[in-house]
Amino acid sequence: MQRLLPREMVWLYPLAPLAAAPLLVEGLFAMPWKQALLQLAGICVPFASLSLTFHLLYLTVMPRLVQRVRSRAAETLLHVATITGVSVVMAAAVLPVKNLLCQHSSTLLDFSVTCIIISGVFVLPALAIQRLRNRSLAVERQAQAERQASLRAQLEALQARTHPHFLFNSLNLVATLISEDPELAERTLERLADLFRYALESSRVRLVPLQREVDMVRDYLAIQQVRFGKRLRASVELDARAAHVQVPPLLLQPLVENAILHGLASRQQVSVHVRVRFEDERVLLDVQDDGPGPGASAHRGSQTSVSDLHARVRLLYGEQGAFVLEPAPGGGCMARIALPAGHAA
């Protein structure tokens, strides 16, 4: 249910009668202090009773009644009738206390009119302000929902472009293994089944535990080591503190694949080291190779995997995420993804 009165009204309830007292009581500051305090109490008690009643009423009952109203005119009539009726009932209830404190008698009619005016002056503008706020919040929520839908569509498109590339290379690898070594192919097919399952699942899930992502990379590297033999040396390190951090699927695999392709394009051997660690409330995912380095590879790919990875990190994490591709110390290439330890935004 939508809020009908602004939260700030809570602060106005105790301050408003004190601010209005000089206008409601003639010669307030010229009175003896005891009499002035009684006059203030005679104003504050009725106002506190009215404000508390309206606050509870508009917090609990009125939102349900307003939801049933079909037109703006009917809603306005409902508010006016509520303000008038509650003011009259409360005036009758607190009039004896007011007369006792102020040491003079007011008629029920006069006091009821005063309560109606005071209540209307406070409640009606507050209702209008909160209505504008609710309308603004609704527009903002709609815009946010549209942005999120757009982001989801972009991410799905990026993942859709990643999967065929990954699956096509894997199928080529299966064909090669079957022709060269059927027994080894049988063991490798089990790993490939896990990789295919992971690739298919990644199109339906937004985040996976880092442990799952790293396990998939280990399987992928094991398959590639079967394919390239001694030409490929690989290692994987995972900080236990980062194992349960949720990350988008297929973050590491494109980087590992690129490291192998570029590293072996013009060399007989390449080393690929994957390291995932937890540092300063961030998770760092490093893929380092000792190949030719950024821009120096003989392999000329389409660069879509790198650009897609940039886009995925930016869309999911904004300024909190980062992806850099730079020369590694001692030669080669270092690809690093830095993500906040919490979930993606």
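Visitor: Hello! In which helix is the place of Val121?

Guide: Welcome! Keep in mind that this is a predicted model. Find the helix that covers residues 108–180, and you will have the place of Val121: helix H5.

Visitor: Is Val121 buried or exposed?

Guide: A residue counts as exposed when its relative accessible area is over 50%. Val121 has a relative accessible area of 52%. That value is over the cut-off, so Val121 is exposed.

Visitor: Which residues form a nonpolar patch on the surface?

Guide: Val121 belongs to this patch. Together its members have about 390 Å² of accessible area. The patch is formed by Leu109, Val113, Ile117 and Val121.

Visitor: Let's turn to the strands. In what order do the five strands form the open sheet?

Guide: The pairing in this sheet is mixed. In general, strands of a sheet pair through backbone hydrogen bonds, either parallel or antiparallel. Here the order is S2-S4-S5-S7-S6.

Visitor: Which strands stand at the edges, and why is one side of each left without a neighbour?

Guide: Each edge strand has a single partner strand, so one side of it has no neighbour in the sheet. One of these strands covers 232–238 and the other 322–327. They are S2 and S6.

Visitor: How many bridges pair S6 and S7?

Guide: Strand S7 covers residues 333–340, and S6 pairs with it in the antiparallel sense. You can see one place where they meet by looking at Leu325, which stands opposite Ala335 in S7. The number of bridges between S6 and S7 is six.

Visitor: Which strands does helix H8 touch?

Guide: Helix H8 is made of residues 252–264 and packs on the sheet. Its direction makes about 155° with that of S4. The strands that H8 touches are S2, S4, S5, S6 and S7.

Visitor: Where is Asp280 found?

Guide: Asp280 has a positive phi of about 55° although it is not a glycine. With a relative accessible area of 67%, Asp280 is also exposed. To locate it, look after strand S4 (270–279) and before strand S5 (282–289): Asp280 is found in the loop between S4 and S5.

Visitor: What is the phi of Glu281?

Guide: Glu281 lies in the loop between S4 and S5. At 58% relative accessibility, this residue counts as exposed. Although Glu281 is not a glycine, its phi is positive, at about 60°.

Notes
Residues are numbered from 1 along each chain as its sequence is written. This is a predicted model: local features need pLDDT of at least 70, side-chain atom pairs count only at pLDDT 80 or more; totals for chains, interfaces and linings use all residues. Side-chain values use heavy atoms; hydrogens and water are left out. Patches are made of residues with over 30% relative accessible area and no salt bridge: like charges are joined within 9 Å, nonpolar side chains (Val, Leu, Ile, Met, Phe, Trp, Tyr) within 5 Å. Accessible areas come from the Shrake-Rupley method with a 1.4 Å probe; for residues, only the protein chains shown count as cover. A salt bridge is a side-chain nitrogen of Lys or Arg within 4 Å of a carboxyl oxygen of Asp or Glu. Helices (H or I, at least four residues) and strands (E, at least two) are DSSP runs, numbered from the N terminus. Buried means under 20% relative accessible area, exposed over 50%, partly exposed in between (1.4 Å probe, protein chains only). Two strands pair if DSSP finds at least two bridges between them. Contact means heavy atoms within 4.5 Å. Axes are lines fitted to C-alpha atoms, for helices over the stretch in contact, and angles run from 0 to 180 degrees between N-to-C directions.
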